Amino acid sequence: MNPNFLSSSSFLLVLLSALLVFDELPQCQSFFDGYTSCSNNFSCGPKITNIDFPFFGGEARPPSCGHPDLKLNCESGKPTISIKGVKYNVLELKQETHDLKIARADFSDGICNPKFGNTDLDLKLFEFPPLPVSTDITLFYNCSSDAEYIIPGVVKFNCGDDEDGLISLEAESGNGVCNSNVTVRVPFGIGDWISYSKTRVEEALKEGFHVKYKVDFRACDDCRGSKGVCGNDLSSNQPTCYCQNDKAPVGIRRTCPLGSVSESEGPPQQAGNFDPSFVYLRISALVLNFENRTWYCLLYVCFLLVYLL
């Protein structure tokens with residue numbers, strides 16, 4: 001038997017064994033498996049379930065799975081979201097229409113103790129529905145006795161200890177007769193609410209309002225079409241696509257490349273038959289998929305030299 005053939009075959013077997021070992025190394029390193037992690041959905045309470053991109057949050061979905069300003073929290077079974085420093089209860093989330101219904105958390109127990117500033121949305125990320133379904137009102141606190149005659153369009157309310165407040169549909173400033181004020185969003189038609197009582201105003205605030213969230217959904221559709229999972233590249237804050245066989249950070253990617261499906265779906269290797277083309281394809285896949293390609297390029301060259309000789 002040709003000793004060169006034995007030598008080449010032995011080298012190829014050693015090389016194959018080394019590749020199988022190296023293939024497992026990235027799994028032992030601090031590599032984020034976006035495909036697995038972002039395949040998990042967020043659920044909290046009976047209404048907010050199976051939420052995926054562009055949201056993240058909870059133990060199931062880390063930050064790389066969604067937009068950094070769309071983090072969901074689950075507090076005692078109640079979903080919440082913080083937008084520009086204001087915490088809201090999430091009442092509805094319809095991903096098919098990109099609709100979010102929220103209500104300020106600090107007004108859950110009444111309007112006398114606001115904890116946050118004005119309701120202010122990032123208009124690059126959110127927009128109000130095209131039809132007028134909500135409007136702004138301003139709440140004034142610790143007002144003087146004549147404030148209701150100075151500030152236009154107001155309804156008076158009391159928070160105890162002679163602390164009078166005002167609700168206005170028109171004014172945004174207290175004109176120096178009130179110590180503080182906060183602008184909030186309420187369902188359209190608040191005029192019907194405030195004509196009754198402070199209690200009805202509080203009910204309107206608990207009812208919440210609708211907003212539309214907007215991200216690059218076309219990129220996510222392309223990703224899902226290639227059997228990938230949508231996520232977010234933290235370095236660029238852009239949508240990316242996680243694929244099943246990712247072995248290193250991917251940066252921004254719109255779709256999964258061909259051949260990124262599970263290796264178990266590929267043609268099986270018959271036991272006892274050593275096929276050098278398998279090693280060739282194995283090395284090629286590693287060189288293309290790994291971020292640290294130096295060692296695999298060297299192995300690739302060595303294999304070609306031995307195989308061709």
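A disulfide is a pair of cysteine sulfur atoms within 2.5 Å. The structure holds 7 disulfides, and three of them are followed here before the rings and the nonpolar cores. The model is a predicted one, in which local features need pLDDT of at least 70 and side-chain atom pairs count only at pLDDT 80 or more, while totals for chains, interfaces and linings use all residues. Residues are numbered from 1 along each chain as its sequence is written, and side-chain values use heavy atoms, with hydrogens and water left out.

A good place to begin is helix H6 (residues 217-225), where helices (H or I, at least four residues) and strands (E, at least two) are DSSP runs numbered from the N terminus. Cys223 is joined to Cys241 by a disulfide, S to S 2.1 Å. This pair links distant parts of the chain, with Cys223 in helix H6 and Cys241 in strand E14 (residues 238-242), 18 residues apart. The torsion about the S-S bond is about 80°, so the disulfide of Cys223 and Cys241 is right-handed. Both Cys223 and Cys241 are buried, a word that means under 20% relative accessible area, with exposed over 50% and partly exposed in between (1.4 Å probe, protein chains only).

Another disulfide is formed by Cys220 and Cys230, with sulfur atoms 1.9 Å apart. Here Cys220 belongs to helix H6 and Cys230 to strand E13 (residues 229-233), 10 residues apart. With a torsion of about 120° about the S-S bond, the disulfide of Cys220 and Cys230 is right-handed. Cys220 is buried at 4% relative accessibility, and Cys230 is buried at 6%.

Strand E8 (residues 134-143) brings in a further disulfide: Cys143 in this strand is linked to Cys178 in strand E11 (residues 178-187), 35 residues apart. The sulfur atoms of Cys143 and Cys178 are 2.0 Å apart, and the torsion about their S-S bond is about 110°, so the disulfide is right-handed. Cys143 is buried, with a relative accessible area of 10%, as is Cys178, with 12%.

The aromatic rings come next. Rings of Phe, Tyr and Trp (its six-membered ring) pair if their centres lie within 6.5 Å; planes under 30 degrees apart count as stacked, over 60 as edge-to-face and the rest as tilted. The structure holds 5 aromatic pairs. Among them, Tyr141 and Phe157 have ring centres 6.0 Å apart and planes at 80°, so the pair is edge-to-face. Tyr141 lies in strand E8 and Phe157 in strand E9 (residues 154-158), so the pair ties together parts that are 16 residues apart in sequence. Tyr141 and Phe157 are both buried. The pair of Tyr213 and Phe217 is tilted, at 6.1 Å centre to centre and 55° between the planes. Tyr213 is buried at 2% relative accessibility, and Phe55, Tyr213 and Phe217 form one aromatic cluster.

Phe55 leads on to the nonpolar cores. A nonpolar core is a set of buried Ala, Val, Leu, Ile, Met, Phe, Trp, Tyr and Cys residues joined through side-chain atoms within 4.5 Å. The largest has 22 residues, and those with the most contacts inside it include Phe55, Leu72, Ile81 and Tyr88. Elements giving two or more residues to this core include strand E1 (42-44), strand E5 (86-94) and strand E12 (209-213). Strand E5 gives the most to this core, with 4 residues. A second, separate core of 12 residues includes Ile111, Ile137, Val184 and Val186.
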